[in-house]
Amino acid sequence: MHRVSKFRLAIMGAMAVLPSFLLRPLYRLFFGYRIGKRVRIGFRLIDAGRCTIEDDVQIGHLNIVMGVGRLTIGDHVHIGHLNIIRGGEEVSLGRYSELKRMNEINSIPDPDTVSQPDPRFTLGAGSIITTGHKIDFTDRVEIGRRAIIGGRNSSLWTHNRQRTMPISVGDFAYVGSEIRMAPGSSIPPRCIVGIGSVITGDVDGQEWLIGGVPAKPIKELSDDDKFLIERKTRPDLPDDV
């Protein structure tokens, strides 16, 4: 985890109101950030030990990134407004992924646990996290390619009081509103998770509808259902993503 310096934050806070064309060279000069071409950055604070932002990234207003060891944002990523990303060794947002608004992605610093956590968050290429979700990556969280954390108010947890365990969401998975993932749980690729489901462990069921408390496979997806998970998550998504 990158240790937060009050002096560093004060400088970044003063820079937060600057327009993108001034901000980009200052980030490169003072903090060694690597920032690509045509990057648009709103009024925000980005504090990471190492930071790489590829071409054509759009970052909206009032986002806070704080205490991240290494931040990597792939090309054509869209970040909306009022998101918080805090702590952890590494945060990686894959190319053409999208983080919409009011999401909290947080890692507890120096957790008092009996396990050895790996605080890394990965959002796969072409994947989307919509609005108002809470993701704890005190241990590793991996969200696969072209997955959707949809709706609102889902929470993904990797720790309890004394132990951490990683969690994962497979490629092409669609996760509905208000689901819960417990430490050590996983969602298989190419499935749909119903509203309000609670994932407590590994679920078997590619191309199945998953739901319930605890969640389990309910029925195989029809061809119409498969179309929902296979269609592009963004109109500008390349065929190779």
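This dialogue looks at the internal cavities of a predicted model and at one pair of its helices.

Reader: What should I know about the model before reading its features?

Author: The model is predicted, so to speak of local features a pLDDT of at least 70 is needed, side-chain atom pairs count only at pLDDT 80 or more, and totals for chains, interfaces and linings use all residues. Residues are numbered from 1 along each chain as its sequence is written, and side-chain values use heavy atoms, with hydrogens and water left out.

Reader: How many cavities of 30 Å³ or more does a search of the whole structure find?

Author: Rolling a probe the size of a water molecule over the atoms shows where empty space is left. A cavity is a set of points, on a 1 Å grid over the protein atoms alone, where a 1.4 Å probe fits but cannot get out, and its lining residues have an atom within 4 Å of a point. Grid points are joined across faces, edges and corners, and a volume is the space filled by probe spheres set on the points. Here the search finds 2 cavities of 30 Å³ or more, and the largest holds about 80 Å³ of space.

Reader: Which residues line the largest cavity?

Author: Among them are Ile46, Ile59, Asn63, Leu93 and Leu99. Strand 5 (residues 64-73) gives the most to this lining, with 4 residues; strands are DSSP runs of E, at least two residues, and helices runs of H or I, at least four, numbered from the N terminus.

Reader: How do helix 1 and helix 2 cross?

Author: The axes, lines fitted to C-alpha atoms over the stretch in contact (heavy atoms within 4.5 Å), form angles from 0 to 180 degrees between N-to-C directions. Those of helix 1 (residues 6-15) and helix 2 (residues 20-31) come within 11 Å and cross at roughly 165°, and the two helices are therefore roughly antiparallel (over 145 degrees).

Definitions and conventions:
1 Å grid on protein atoms, 1.4 Å probe; cavity = no way out; pocket = protein on both sides within 12 Å on 5 of 7 lines; lining within 4 Å. Parallel < 35°, antiparallel > 145°, perpendicular 65-115°, else oblique.
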